[in-house]
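Got a helical puzzle on the screen and a few labels to question? Let's go through them one at a time.

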Amino acid sequence: MNAQQKLTWVFGAIIALLALASLIGWALQARKGRTEVVANLNARVRAWWGMVAVLAVCFWLGPVANLVVFAFISFFALREFITLTPTRPGDHLPLVVAFYVLIPVQYWLIGVDWYGLFSIFLPVYAFLALPALAVFGGDTEQFLERTTKIQWGVMIAIYCISHAPALMILHPGAPAGTGQLLLLYLMLVVQISDVM
C-alpha cells in the first residue's frame, strides 16, 4: 500500500470517527436536551469537521497550501496572544517584525527545506533581534517583562505551530505522502484527545 492509499484510509477513518462523534452528540442532545456539556461536545465536533475539510483541501492543493494555512494560523494565534498582552507604543516595531517578517521567513524556511536554519531562526536570531528592536522605541518601563511576553508569544504562536507543517519535510528520502501522513496522525491524536 503506497502513502497515497494510506492517506485515503486515514482520512476515511477520521471521517468515520467524526461521523460517530456527530451521531453520539445528536443522540445525547435528543436524550438529555441541550445541556452545556452536550452543546460543547457538538461545537467541538463541528469545529473538527471544518478543520478536516480545510486540511483535506490543503493536501489536495499541495504542501504550499499547508504552509500558507499554518502561517495564517500562526498569524491569528500571535494576534490573539498579543491582544491579551499589555503592550506600549515602544513595542510596535518588534510586533511589526514578528507579524510581517518572522512568520513569512519561518514558513519560507520550511518551504525550501532549510531545516538547520528553521530550527534555530526564532529561538536564536529572533530572540536577540526583538529586544534590540524594542530598544529603538525608547520606552524602558517594564522593558524586560514586555520583551519576554513578545518573545514567548513568537515561540508559541510561530515556532511551535510551524512544526506541524514541518512534519512534511522531515523525511526527504521517504515516499511521497509520508509527511502528510505524519501531519494527519498529529491531527488525529489531537482530535481524539479533544473530542473524547
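## Why the labels fit

Phe-11 is buried, and Phe-59 is buried as well. Keep in mind that this is a predicted model.

Q: What makes the pairing of Phe-11 and Phe-59 edge-to-face?
A: The ring centres of Phe-11 and Phe-59 sit 5.8 Å apart, with 80 degrees between the planes. A pair needs centres within 6.5 Å, and planes over 60 degrees apart count as edge-to-face, so the label follows. It's one of 10 aromatic pairs in the structure.

Q: How do you know that this pair links distant parts of the chain?
A: Phe-11 belongs to helix H1 (residues 3–32) and Phe-59 to helix H2 (residues 36–61), with their positions 48 residues apart in the numbering.

Q: Why are Phe-72 and Phe-76 called stacked?
A: Their ring centres are 6.4 Å apart, and the planes meet at 20 degrees. The distance is within the 6.5 Å cut-off and the angle is under 30 degrees, so this pair counts as stacked.

Q: What separates Phe-72 and Phe-76 along helix H3?
A: About one helical turn, because the two are four residues apart in that helix. Helix H3 covers residues 63–83. Ring pairs also join Phe-72 and Phe-76 with Phe-75, Phe-99 and Tyr-100 in a cluster.

Q: Why does Phe-72 count as partly exposed?
A: Its relative accessibility is 49%. Buried means under 20% and exposed means over 50%, so Phe-72 falls in between. Phe-76 has 41%, so the label partly exposed applies there too.

Q: What makes the nonpolar surface patch that includes Phe-72 and Phe-76?
A: Val-64, Val-68, Phe-72 and Phe-76 make the patch, which has an area of about 390 Å². Patch residues need over 30% relative accessible area; Phe-72 at 49% meets that cut-off, and so does Phe-76 at 41%.

Q: Why is the contact between Arg-79 and Glu-80 called a salt bridge?
A: The closest N and O atoms of Arg-79 and Glu-80 are 3.1 Å apart. The cut-off is 4 Å, so the pair qualifies. Arg-79 is partly exposed at 39% relative accessibility, and Glu-80 is partly exposed at 42%. The structure holds four salt bridges.

Q: What makes Arg-88 and Glu-141 a pair that ties together separate parts of the sequence?
A: Arg-88 is in the loop between H3 and helix H4 (92–111), while Glu-141 is in the loop between helix H5 (115–135) and H6, so the pair ties together parts that are 53 residues apart in sequence. The N to O distance is 3.6 Å, and that lies within 4 Å, so salt bridge is the right term. Arg-88 counts as partly exposed at 30% relative accessibility, and Glu-141 does at 44%.

Q: How do you know that Glu-145 and Lys-149 form a salt bridge?
A: The closest N and O atoms of Glu-145 and Lys-149 are 3.0 Å apart. With the limit at 4 Å, the pair counts. Both residues lie in helix H6, four residues apart, or about one turn of the helix. Glu-145 has 38% relative accessibility and counts as partly exposed; Lys-149 does too, at 26%.

Q: What makes phi of Asp-113 and of Gln-142 worth a look?
A: Phi of Asp-113 is near 60 degrees, a positive value in a residue other than glycine. Phi of Gln-142 is positive as well, near 50 degrees, and this residue isn't glycine either. Asp-113 is in the loop between H4 and H5, and Gln-142 is in the loop between H5 and H6.

Q: Which element gives the largest share of the lining of the second largest pocket?
A: H2 does, with six residues. The lining has 15 residues, and Trp-48, Met-51, Phe-70, Ile-73 and Met-187 lie nearest the centre. The volume of this pocket is about 300 Å³.

Q: Why is Ile-192 called partly exposed?
A: Its relative accessible area is 37%, which is neither under 20% nor over 50%, so the label is partly exposed. Ile-192 is found in helix H7.

Terms used
Residues are numbered from 1 along each chain as its sequence is written. This is a predicted model: local features need pLDDT of at least 70, side-chain atom pairs count only at pLDDT 80 or more; totals for chains, interfaces and linings use all residues. Side-chain values use heavy atoms; hydrogens and water are left out. Patches are made of residues with over 30% relative accessible area and no salt bridge: like charges are joined within 9 Å, nonpolar side chains (Val, Leu, Ile, Met, Phe, Trp, Tyr) within 5 Å. Accessible areas come from the Shrake-Rupley method with a 1.4 Å probe; for residues, only the protein chains shown count as cover. A salt bridge is a side-chain nitrogen of Lys or Arg within 4 Å of a carboxyl oxygen of Asp or Glu. Buried means under 20% relative accessible area, exposed over 50%, partly exposed in between (1.4 Å probe, protein chains only). Rings of Phe, Tyr and Trp (its six-membered ring) pair if their centres lie within 6.5 Å; planes under 30 degrees apart count as stacked, over 60 as edge-to-face and the rest as tilted. On a 1 Å grid over the protein atoms alone, a cavity is a set of points where a 1.4 Å probe fits but cannot get out, and a pocket is an open set with protein on both sides within 12 Å along at least five of seven lines; lining residues have an atom within 4 Å of a point. Grid points are joined across faces, edges and corners, and a volume is the space filled by probe spheres set on the points.
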